[in-house]
Each structure stands twice: as structure tokens, then as C-alpha cells.
Amino acid sequence: MKYINRISVLLSLLTVLLFSACSTDQEGPLYTEGEGQGVTFISKSLDGVVVSPAEPTFTIDLLRSNTASAYSGDITISAVLNKVPFEGCTVTGFNFAAGENKTTVTVDVTPLQISQVITVTLALSVPEGDIAISGSAQASFTVSKDYNWQELGEGTFTDNYFFGGTNKVKVFKAEGFNRYRVVKPYDGYYTNGVPADLVGDFTLSTARVSNLDFWIEDGAVLYNKFAIGLNYVGGGDVIAYHPSNFQEMTTEFNKVVDEKTIQLAPYYYIEELSGGFNGATSDGVVIITLP
């Protein structure tokens, strides 16, 4: 039986305080004066990057407004881990060909270890007159190194709050860590559409989790936010958050039930309404069984 019903939908909305999240700071159009190149990063704050343990490099885009001739320059890089300088990361210089307004630089974070998260800052090392007036001479973003995932086999995933029923899922474990990945946990529900008792209040959304990662620390089960694939009519997408993201919200029902059974009890948040559905106070909201 699902915990939610149409009558309780509006009554269960409550206002909570969510930790503020950083959003990408998009810049305006590029402008330059005289013979300047008008070079810029796309934004001051870029999306976080996850690199492969086997290939710990990635590229970052640069733009410019003056494409009359070829142009090259340098980038400086700095990184911090827990507010302490993190050494050994490198970045290439950049090269624009004549007529080209976009190019890339390559960042190498080989010293980064699995489970570490660093903040990387790149900065243009060019004459001030070559930087776009409304552009970004510096960009910052987080970088982490992915885990080595090993397939455990087939498990099950049950969302008792919105959907009911059980999906068969592939489950992976990170080598050397109490961290697990459930692949496409909600896909089995989407083929059946919105549950009959939720029709009218919800529609299927394109915001859907592909992989649900959870990890275990001192018996507590933690996870990042994930989209369940439902949109609340008149509101927005329903996103499941670990209740620790909210003030004075219990976390006790996010736990290991036994060696093969994991329980999640999220708060289902709708950003547009500054509220949502409180699954954090109940047993059996989401059940994952391991292979």
C-alpha cells in the first residue's frame, strides 16, 4: 500500500528550509573593445566533474568574440581539499585558430584519490585587455574521482510511497567502500504510468534518476538527491532528499535493516512550492534488497 493518497496531497505540503545549493552563474553576451580578443570562460561557476580512475582528465570550454586571427594563451590552476592546497593538478594552455570562437583546455587531476572532492579554480593568464568585458576570467568547480564499480547481481527496488510494486534492478558495489549503486531503479514504474490514485495530481516527468547511489556510514544510510520521475501538477518535479538536508528532520528510518535489506526514507521536495511530502517519518518507504 502506498503512503500517499490524493486527499492528503495538499495537506502534506509543508514549508521547510533547505540548504541553499550553488547554481551556475551564467554570464551575459561577450563584449570587447578595440583589438582585444574577448576571451572568457563560459561561466564563473561550472558544473561538478567526475573523472574516471583510468582517465583522470577532462576539458573545459573557452570562448572569444574576436576571431580575426589565431590567438594562444596560458591558464593557471589551483586546487584545495578541505581548505588545504592540493598540489599536482595541471592544465594546458589554449589555442584559438583564425576564425574560431571556441576552444578547450585539458585539466589533469591524476593525484586525486577515490572519495576525495577538490575545488579547482582556473584563471586566464592573458593581458587584461584581451578578457571579455562581461566575461569570466576565472572559473571554479568541484572534481571527484569515480569509484571502481563491481556488479553484484540482481536485486530489487520498491517505492512504497508513490508507486508500490517491486522492480528488479542491477546492483553494483564500489570496490573497497560501503557504497552501492542501483541502476535505473524507477524505470519499471514508468511503463505503467502514474498510479491510478495519483492521476490528476501528478504527471510523469522527464526528470528521472538513472543511477541511485547510497552509502553506509556507522550504520546510517546516506544518499544524494534523486528525481523519481513525477511532476506535481501546479508545482514541479518531485525530488527525493535525504532528510538531513532539512532542519529538525528525523533521519532514523534511513537504515540498514539486515545484511541484504536497505531502507530509505526521503523527504520528497518540490522546489517551486518550497515544500513537499514527508516520507522521512515512516518505515518501509523505499526498500532495496541486495543480491
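**Contacts, strands and salt bridges**

User: Which residue offers the backbone oxygen that the side chain of Asn 160 reaches at 2.7 Å?
Analyst: Asn 160 sits in the loop between β11 (149-159) and β12 (166-174). At 18% relative accessibility, Asn 160 is buried (under 20% relative accessible area; over 50% is exposed and in between is partly exposed, with a 1.4 Å probe and protein chains only). Its side chain makes a polar contact (N or O atoms within 3.5 Å, one able to donate a hydrogen and the other to accept it; residues adjacent in sequence count only if both atoms are side-chain atoms). The backbone oxygen at the other end, 2.7 Å away, belongs to Gly 284.

User: What kind of model is this?
Analyst: Residues are numbered from 1 along each chain as its sequence is written, and side-chain values use heavy atoms, with hydrogens and water left out. Local features need pLDDT of at least 70 and side-chain atom pairs pLDDT 80 or more, while totals for chains, interfaces and linings use all residues, as this is a model that is predicted.

User: How many strands does the chain have?
Analyst: Helices (H or I, at least four residues) and strands (E, at least two) are DSSP runs, numbered from the N terminus. By that count the chain has 2 helices, and its strands number 23.

User: How much of the chain counts as buried?
Analyst: The chain has 291 residues. Among its contacts (heavy atoms within 4.5 Å) with a separation of 6 or more, 65% join residues 24 or more positions apart. The share of residues that count as buried is 44%.

User: Is His 242 buried or exposed?
Analyst: You'll find His 242 in the loop between β18 (237-241) and β19 (255-258). Beyond four places in sequence, it touches Val 221, Leu 222, Tyr 223, Thr 251 and Asn 254. A polar atom of its side chain also lies 3.0 Å from the backbone oxygen of Val 221. Since its relative accessible area is 4%, His 242 is buried.

User: Which strands stand at the edges of the open sheet of 5 strands?
Analyst: Going across, the order is β14-β17-β18-β21-β22, with antiparallel pairing (two strands pair if DSSP finds at least two bridges between them). The edge strands each have a single partner, so one side of each lacks a neighbour in the sheet; they are β14 (202-208) and β22 (275-278).

User: Which residue in β18 stands opposite Asn 231?
Analyst: Strand β17 covers residues 226-232 and pairs with β18 in the antiparallel sense over 3 bridges. Across from Asn 231, in β18, is Asp 237.

User: How far apart in sequence are the parts tied together by Lys 102 and Asp 61?
Analyst: These two form a salt bridge, their closest N and O atoms 3.5 Å apart (a side-chain nitrogen of Lys or Arg within 4 Å of a carboxyl oxygen of Asp or Glu). Lys 102 is partly exposed at 42%, and so is Asp 61 at 24%. Lys 102 lies in β8 (102-108) and Asp 61 in β3 (57-63), so the separation is 41 residues.

User: Which residue meets Arg 181 in a salt bridge?
Analyst: Arg 181, in β13 (179-183), ties to a residue of β15 (211-217), 32 residues apart in sequence. Arg 181 is buried at 17%, and its partner is buried at 16%. The N to O distance is 2.8 Å, and the partner is Asp 213.
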